[in-house]
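Biologist: Got a minute to walk me through this model? I'd like to start with the metal and then poke around.

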Amino acid sequence: MTGTRLGSGGRIDRGQVIPFRWGDTVLQGFAGDTLASALLANGVRVVGRSFKYHRPRGIFAAGVEEPNAIVDVRIGDRHDANARASLVTLQHGIVARPIAGWPSVTRDAFAALDLLQRFLPAGFYYKTFMRPSWSRYEANIRRMAGLGRASHQPDMRQFETRNIQIDVLVVGAGPAGLAAARAAAASGRSVMLVDENPDFGGSLLWQDGTIDDRPAADWAAATTAELAAQGVTLLPATTAFGYYDHNTLGLMERRATAAPGWALDRLWCVTAGKVVLATGSLERPLVFPHNDRPGVMSAAAVLRYLRQYAVLVGRSVVITTNNDSAYATAAALRLAGAEVAVADVRTAPGQAAKDATALGVSVIPGSVVTDTGGRLGVRWADIGPADATSKKAATRRVSCSIVACSGGWTPVVHLFSQSGGKLRWDAAASAFLPGIGRQDHQLSGGMNGVTSLAECLASGHRAGIAASGATMLAAPRAEPAAVETPLQPFWFVRIPGARQWLDLQNDVTVKDVGLAARENFQSVEHLKRYTTLGMATDQGKTSNVNGIAVMAELTGRGIAETGTTTFRPPYAPVSLGGLAGSRHGLLYSPRRELPAHGEHLALGADMREYGGWMRPACYPRLDETTAAAIRREASAVRADAGLFDGSSLGKIEVCGPDAAAFLNLMYYNNVENLKPGRLRYVLLLREAGTVYDDGVIARLAADRYLLSPSSSHTAGVLAMLEQWRQTEYPAMHVAFHDVTAAWATFVVCGPRVRDIMASLAAEIDLSDAALPHMALADGHVLGVPARIARVSFTGERSYEVSVPAGYGPALWRHLLAQGPTPYGIESLSVLRAEKGYILIGTDTDGLTMPADLDMSGPLRAKKVDFVGRRSLTTPDGVRADRRQFVGLLPQDPNFVPPVGTHAVDASRKSLGWITTSAYSPTVGRSIALAMISGGRARIGDVVELFDRGRVSQAKVCAPVFHDPAGEKLHG
Amino acid sequence: MLLIPCPWCGPRSEHEFGFGGEPAVRPQSSASDTEWADYLYMRTNPKGRNTELWCHSAGCGQWFVMERDTVTHAIHTTREMGA
Ligand SMILES: [Zn+2]
């Protein structure tokens with residue numbers, strides 16, 4: 001037990017005790033704690049095992065940059081398999097456990113891997129597990145490495161999405177962000193302020209300082225209250241994770257409570273007039289041997305745990321630093337009663353060191369920690385000269401439970417970089433700073449290299465004014481910073497062979513970077529991928545700069561020359577559920593129902609989704625298989641009569657004086673000479689000459705047509721007609737209107753169809769003279785306005801009866817009472833296959849041209865240009881070996897070769913493939929449709945079929961298996 | 001995400017728009033195979049300023065011309081077809 005809670009101080013509520021589970025134990029924290037601070041207060045040291053070597057790891061940081069404390073957290077039915085303990089607000093009902101380590105983090109069965117570290121260098125996996133293939137090893141390696149286990153249960157968390165436009169978005173509510181929001185709010189513009197922490201204030205909540213004569217934390221609280229009163233949208237516990245084009249940012253808000261029915265987690269898509277980036281900076285580690293033991297922490301985090309959460313992480317602390325900021329930690333620890341020694345690599349550390357010495361801190365200039373010991377956490381640290389080249393150079397060994405380190409500060413330039421901004425290495429600041437920006441934003445505070453409180457406030461204020469045009473407001477003031485002794489860059493200790501970690505989460509050491517340098521993976525992008533530096537879930541927030549600096553030194557280049565990788569969203573992990581929002585399940589895409597949906601359900605239809613529509617696949621009787629139902633329905637259509645719901649078939653009305661001329665320029669077939677009241681089967685091509693859609697076109701009047709595209713192409717056909725009208729033929733007077741949903745359409749067909757039609761008391765002449773095949777007429781049936789068309793998708797005499805959608809259920813019931821067999825889309829598929837009627841997208845693909853379907857007649861007859869015409873006569877369009885639409889009769893009449901089965905030549909080279917296959921109850925055997933190279937010339941030949949090793953034979957035939965002369969259409 | 005100024009509706013979210021590619025002039029049907037292939041498949045795809053067709057498909061439904069920078073994604077102008 002090393003960490004303890006102090007009796008007073010901190011921003012926690014000691015009156016509100018919160019019990020929580022950590023593994024098998026029940027611990028207690030207070031309101032205001034994070035899971036990380038509560039664990040430290042309870043003396044927990046080991047919170048996980050490292051990714052590669054399974055070494056014990058403890059909490060390193062206090063914020064989003066935490067590399068080690070990735071834990072599994074459940075609260076009720078909510079589950080996060082990879083939560084960062086430092087971002088989890090402690091609340092009632094938390095059940096947390098480490099994600100790695102079996103059987104437990106303190107006794108890890110895989111810990112022996114660490115002994116093999118010599119044999120597990122960077123690139124080990126690439127080099128070792130390549131033969132015979134990575135996939136042979138992958139599952140086992142992942143089990144050993146892995147992060148959290150995703151639950152197999154549905155995600156019970158709810159998410160919602162909000163889209164918003166705002167004048168000024170301020171990201172980060174530390175001193176700079178608060179000052180910027182305060183200035184922008186004074187302009188009267190709409191302002192939004194976001195911060196990833198539950199409380200606004202950033203470092204003001206745990207660092208010393210006075211602003212406008214108030215303690216800094218009080219100023220932060222007062223300013224926040226002022227902003228709320230001014231109507232500024234305040235989003236605490238919200239991570240700005242992505243900065244996209246045109247000042248659009250993605251924010252993920254994690255709320256502790258929400259009104260019933262509303263989600264806790266909200267994705268905000270914010271488009272801002274101006275953005276103020278006040279994202280601050282993160283302390284980076286000073287790297288030294290064995291710097292990965294539990295108890296090695298960021299010096300700033302040690303200070304934050306002490307001040308914000310009243311947690312003294314250890315009573316004996318060694319601090320190793322190369323800059324002044326760690327002395328604030330040293331002083332605060334000393335005042336809290338800890339023994340503190342500071343190893344400062346600088347030989348003349350200056351005033352900060354003197355002040356610390358006066359408090360009783362032992363400062364050793366020109367030194368660094370050269371080693372640490374302790375199996376499950378730091379027990380001692382060796383201090384030696386900063387230029388030590390051997391562990392033997394250590395001059396003293398200090399008993400301690402914590403080694404706090406500071407290697408300087410890394411500005412959080414992630415969002416700036418994501419927005420397209422370029423970074424530059426600033427040697428004086430020893431950091432990558434924003435260079436040339438690309439979007440409309442203002443930069444302020446730590447992310448722009450500012451270090452003192454006074455300057456952060458001033459730069460935030462200036463940014464807020466610039467972003468909003470506010471005037472007449474005094475900037476918040478803090479006392480000017482004391483003169484600092486400059487940071488001395490120090491990237492690693494020069495002890496050969498010592499294990500010094502750069503990336504704690506992915507177990508990347510200085511040695512690994514050395515190996516990458518020797519093997520010539522020297523560019524930062526190669527370094528990253530070869531060693532996995534910075535590729536863990538923390539995205540290298542604490543390791544990237546150190547890794548690049550080590551590579552720069554080892555290759556004798558400057559850091560600027562070595563460069564940095566590009567930052568990409570997300571800044572911090574975002575749950576997939578959060579990105580999906582409410583767009584899942586039934587809300588994923590609209591599901592359309594037929595007007596007679598309820599009638600189909602009442603009949604026990606097997607309803608499935610086809611192109612967005614819920615449609616009956618078939619109507620199986622009790623104890624009837626799907627296959628049996630399809631055979632029964634298809635047979636009934638041929639022998640008696642069938643009833644089909646065709647309401648989802650597209651209906652687009654085209655009207656205007658130029659309707660005929662326009663459609664003639666669009667369609668493959670001539671539609672200008674179509675007489676009113678008549679129908680024609682047509683193809684619509686793409687400009688490349690390939691078949692986009694087929695359908696039936698009806699001429700209602702001289703200036704009015706009705707198109708019936710296939711169900712799933714209606715929206716696409718409508719969009720295509722609009723595009724051509726607007727972009728190619730803007731002078732033509734023609735308009736389009738999708739009336740699909742206005743009509744219920746039922747198809748009655750089969751030998752007995754005329755009896756059924758007679759029952760409709762149609763005020764429409766149904767005689768073949770008045771209404772032949774491919775004709776339509778308007779009138780009334782059963783006293784309801786109706787349209788009757790004679791068109792057939794089954795090959796049987798067929799009537800399509802359309803009534804306004806609201807009359808659909810009643811008409812369906814009436815027709816059904818006449819005794820036809822209702823049939824579904826799967827049964828229709830068998831019927832149309834028997835006739836060789838194509839189904840677009842099934843029998844055709846993106847390369848199919850009309851001639852491939854033996855439909856080249858219209859091209860010869862048509863004089864005007866139409867979409868795709870020129871492509872039909874290109875060399876590719878007239879190739880002799882094009883795949884052509886043919887029928888296949890399998891030699892074994894009971895074997896139905898699956899769709900996708902290839903027809904092959906003598907050398908097993910593919911000639912094409914089967915596009916439709918079925919058992920035909922009408923023909924009493926299996927049948928198939930196929931696209932075969934030069935297929936029409938092969939009619940009568942036997943070809944070999946090949947499917948996943950199974951070989952069979954089939955005879956090529958014309959693509960029609962039933963009633964080739966089409967007599968039944970009129971029968 | 002782009003904020004696109006539709007010539008008819010004003011600035012609207014990219015979600016509402018469809019992309020139509022670079023406009024190409026449709027040759028006569030007497031065009032050679034090469035001319036026709038150029039029209040079908042060849043685009044300049046410049047790095048920088050480019051002229052494109054867009055459609056406000058989930059809005060007014062109008063096609064329009066947009067000049068856009070393919071590197072910075074800055075939108076220079078949008079105008080009605082034929083304007
Ligand atoms: Zn518009």
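Modeller: Here's a quick chat about the metal site, some backbone oddities, the cavities and the cysteines.
Modeller: Ground rules: this is a predicted model, where local features need pLDDT of at least 70, side-chain atom pairs count only at pLDDT 80 or more, and totals for chains, interfaces and linings use all residues. Residues are numbered from 1 along each chain as its sequence is written, chains are lettered from A and ligands numbered from 1 in the order in which they are written, and side-chain values use heavy atoms, with hydrogens and water left out.

Biologist: Which residues coordinate the zinc ion?
Modeller: Cys6(B), Cys9(B) and Cys60(B) each bind through SG, and His56(B) uses ND1, at 2.0 to 2.3 Å. A donor here is an N, O or S atom within 2.8 Å of the metal (3.2 Å for Na, K and Ca); water is not among the atoms, so sites may look incomplete.

Biologist: And what geometry does the site of the zinc ion have?
Modeller: Tetrahedral, with angles of 106 to 115° among the 4 donor atoms. Four donors get that label if all angles lie between 85 and 135 degrees. For reference, the ideal angle for four tetrahedral donors is 109.5 degrees.

Biologist: What spacing do the donors of the zinc ion follow along the chain?
Modeller: C-x2-C-x46-H-x3-C. Cys9(B) sits in the loop between β1 (3–6) and β2 (10–13) of chain B, and His56(B) in the loop between β4 (49–55) and β5 (63–69), so the pair ties together parts that are 47 residues apart in sequence. Helices (H or I, at least four residues) and strands (E, at least two) are DSSP runs, numbered from the N terminus.

Biologist: Is His56(B) buried or exposed?
Modeller: His56(B) is buried, at 1% relative accessibility, while Cys9(B) is partly exposed at 37%. Buried means under 20% relative accessible area, exposed over 50%, partly exposed in between (1.4 Å probe, protein chains only).

Biologist: What does the rest of chain B look like?
Modeller: Chain B has 1 helix and 6 strands, running β-β-β-α-β-β-β from the N terminus. Its C-alpha trace spans about 40 × 25 × 20 Å along the principal axes, and 35% of the 83 residues of chain B count as buried.

Biologist: Switching to chain A, where's the cis peptide bond?
Modeller: Between Pro569(A) and Pro570(A), with omega about 0°. Pro570(A) is in the loop between α14 (559–562) and α15 (576–580).

Biologist: Which residues other than glycine have a positive phi?
Modeller: Among them are Thr532(A), with phi near 65°, and Arg908(A), near 60°. Thr532(A) is partly exposed at 25% relative accessibility, and Arg908(A) is partly exposed at 44%.

Biologist: How many cavities of 30 Å³ or more are there?
Modeller: The count is 6, and the largest has a volume of about 200 Å³. On a 1 Å grid over the protein atoms alone, a cavity is a set of points where a 1.4 Å probe fits but cannot get out, and lining residues have an atom within 4 Å of a point. Grid points are joined across faces, edges and corners, and the volume is the space filled by probe spheres set on the points.

Biologist: Which residues are closest to the centre of the largest cavity?
Modeller: Of the 17 lining residues, Leu706(A), Ser708(A), Leu776(A), Ala789(A) and Glu800(A).

Biologist: How many disulfides over all chains?
Modeller: There are 0, counting pairs of cysteine sulfur atoms within 2.5 Å. The sulfur of Cys655(A), for one, is 19 Å from the closest cysteine sulfur, in Cys55(B), too far for a bond.

Definitions and conventions:
Four donors count as tetrahedral if all angles lie between 85 and 135 degrees; four count as square planar and six as octahedral if opposite donors are over 155 degrees apart and all others between 65 and 115; anything else is irregular. On a 1 Å grid over the protein atoms alone, a cavity is a set of points where a 1.4 Å probe fits but cannot get out, and a pocket is an open set with protein on both sides within 12 Å along at least five of seven lines; lining residues have an atom within 4 Å of a point.
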